[in-house]
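I wanted a quick look through this one before doing anything else with it. These are my notes, in the order I looked things up.

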Amino acid sequence: MRTFTTAICVVVSFIAVSTAKSLPGEGNQIDTSTSSSEESTDLKEYLVQIQTMCYEKTNSSEAFDALLASMYGVPGCIQGMVDLPSFMQDFGDLSASTRNEMFPKYCSQIRSALVCLDPPKEEFRKCLDANDAVILDGVVNAMPEAIDLICRNNGEILYKDNVNYHVCMSKYSSYAAECAGMVSNETDFMEISKFGPSQCDELTNVRNCMGGKFDECNGPQVMEVFDIFWRALIKGTPCKEMNVSTKTEED
């Protein structure tokens, strides 16, 4: 089983891509017939890893069962925070001329709905050691900043020239697997609190690998979202003291 280091690298990528495509934007429609099956497979793999982590931490299946129960409650929670029927109708009618109305209408609702992630986050923390829990908190707490970036100037980031997320979405699984594979076994099984320059270099390589992949699929805007979560990850490790390179918060 890959440990938390690799899992969080993959999850950071997944959150960044999912966040970028969850809010509307021209050219942001993807072929769900291919992507949904891949994402379902990815989710199953993540859950197997998490289930093992929970059992190893608690020596019981109760923590994972509670985590699953809290995850099942997320959709209903979101429906109570976001006017989904109206959102879907407006989403279908979205264009460059209507985005100035849609983004102000729904971005605040989506941002408020992030509280729905709190229950599964708290349950997941029970499966982690203290250092990993700090990283989890940081990554989840970075989501408002990611939403704000996507919603800035009524979705301007999604309307830049030559935006095309189709390839990024369809190839995400292979991108994440390839880049996360740059983490060595030694780093993968090392306590995060003991990371040194070698381990931090590997994390930087993962980040740069994802940047290259997003450039290849003509989705550099996804990388801007990715870097928000990446900075949150790095802040939870000793790498924050080693000048690990990511985009600055001012970029």
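What follows is a set of short entries, from the whole chain down to single residues.

**Entry 1: the whole chain**

First reminder to myself: this is a predicted model. I looked up the secondary structure and got 14 helices and zero strands. Reading along the sequence, I just write α again and again, as the pattern is α-α-α-α-α-α-α-α-α-α-α-α-α-α.

Next I checked burial, and 46% of the 251 residues count as buried. For the surface, I noted about 12300 Å² exposed by the chain, with carbon and sulfur atoms supplying 51% of that area. I also pulled the contacts with a separation of 6 or more, and 76% of them are between residues 24 or more positions apart.

**Entry 2: disulfides**

How many disulfides does a search of the whole structure find? I got five. A disulfide is a covalent bond between the sulfur atoms of two cysteines, so I wanted to see which parts of the chain get linked that way. I wrote up three of the pairs, starting with cysteine 54 and cysteine 127.

*Cysteine 54 and cysteine 127.* The S to S distance in this disulfide is 2.0 Å. I looked at the torsion about the S-S bond and noted about 95 degrees, so I put this disulfide down as right-handed. Cysteine 54 lies in helix α2 (residues 32-58), while cysteine 127 is in the loop between α7 (118-125) and α8 (130-141), so the pair ties together parts that are 73 residues apart in sequence. Is cysteine 54 buried or exposed? Its relative accessible area is 0%, so I have it as buried. Cysteine 127 comes out at 4% relative accessibility and counts as buried too.

*Cysteine 179 and cysteine 209.* Here I read 2.1 Å from S to S. The torsion about the S-S bond is about -75 degrees, so this disulfide is left-handed. Cysteine 179 sits in helix α11 (residues 172-180) and cysteine 209 in helix α13 (residues 197-216), so what gets tied together is 30 residues apart in sequence. Cysteine 179 has a relative accessible area of 0%, which means buried. For cysteine 209 I found 14% relative accessibility; the cut-off for buried is under 20%, so cysteine 209 counts as buried.

*Cysteine 200 and cysteine 239.* The sulfur atoms of this disulfide are 2.0 Å apart. With a torsion of about -90 degrees about the S-S bond, the disulfide is left-handed. Cysteine 200 lies in helix α13 and cysteine 239 in the segment after α14 (220-235), so the pair ties together parts 39 residues apart in sequence. I checked accessibility here as well, and both cysteine 200 and cysteine 239 are buried.

**Entry 3: α5 against α6**

Two packed helices are described by the angle between their axes and the distance between the axes, so I looked up both. The axes of helix α5 (residues 84-92) and helix α6 (residues 99-112) come within 11 Å and cross at roughly 145 degrees. I noted the crossing of α5 and α6 as left-handed.

Which residues in α5 and α6 meet? From α5 I listed Ser86, Phe87, Asp90 and Phe91, and across from them in α6 are Met102, Lys105, Tyr106 and Ile110. Sorted by class, this contact has five nonpolar, one polar and two charged residues.

**Entry 4: lysine 121**

I stopped at lysine 121, which is found in helix α7. Its relative accessibility is 12%, so lysine 121 counts as buried. What is lysine 121 in contact with, leaving aside its neighbours within four places in sequence? I found Leu136, Asp137, Val140 and Asn141.

**Entry 5: positive phi**

Most residues other than glycine have a negative phi, so I went looking for exceptions. Asparagine 59 has a phi near 60 degrees, a positive value in a residue other than glycine. Asparagine 59 is found in the loop between α2 and α3 (62-72). With a relative accessible area of 59%, asparagine 59 is exposed.

I noted asparagine 153 as well: its phi is positive, about 50 degrees, and it is not a glycine. Asparagine 153 has its place in the loop between α9 (143-151) and α10 (166-170).

Notes
Residues numbered from 1 in each chain as written. Predicted model: local features only at pLDDT ≥ 70, side-chain atom pairs only at ≥ 80, totals over all residues. Heavy atoms only, no water. Disulfide = S-S within 2.5 Å. Helix = DSSP H or I, 4+ residues; strand = E, 2+ residues; numbered from the N terminus. Buried < 20%, exposed > 50% of the residue type's maximum accessible area, 1.4 Å probe, protein only. Axes fitted to C-alpha atoms, helices over the stretch in contact; angles between N-to-C directions. Left-handed = near helix turned anticlockwise from the far one by under 90°. Contact = heavy atoms within 4.5 Å. Nonpolar A, V, L, I, M, F, W, Y, C, P; charged D, E, K, R; others polar. Areas by Shrake-Rupley, 256 points an atom, 1.4 Å probe, with all protein chains shown as cover.
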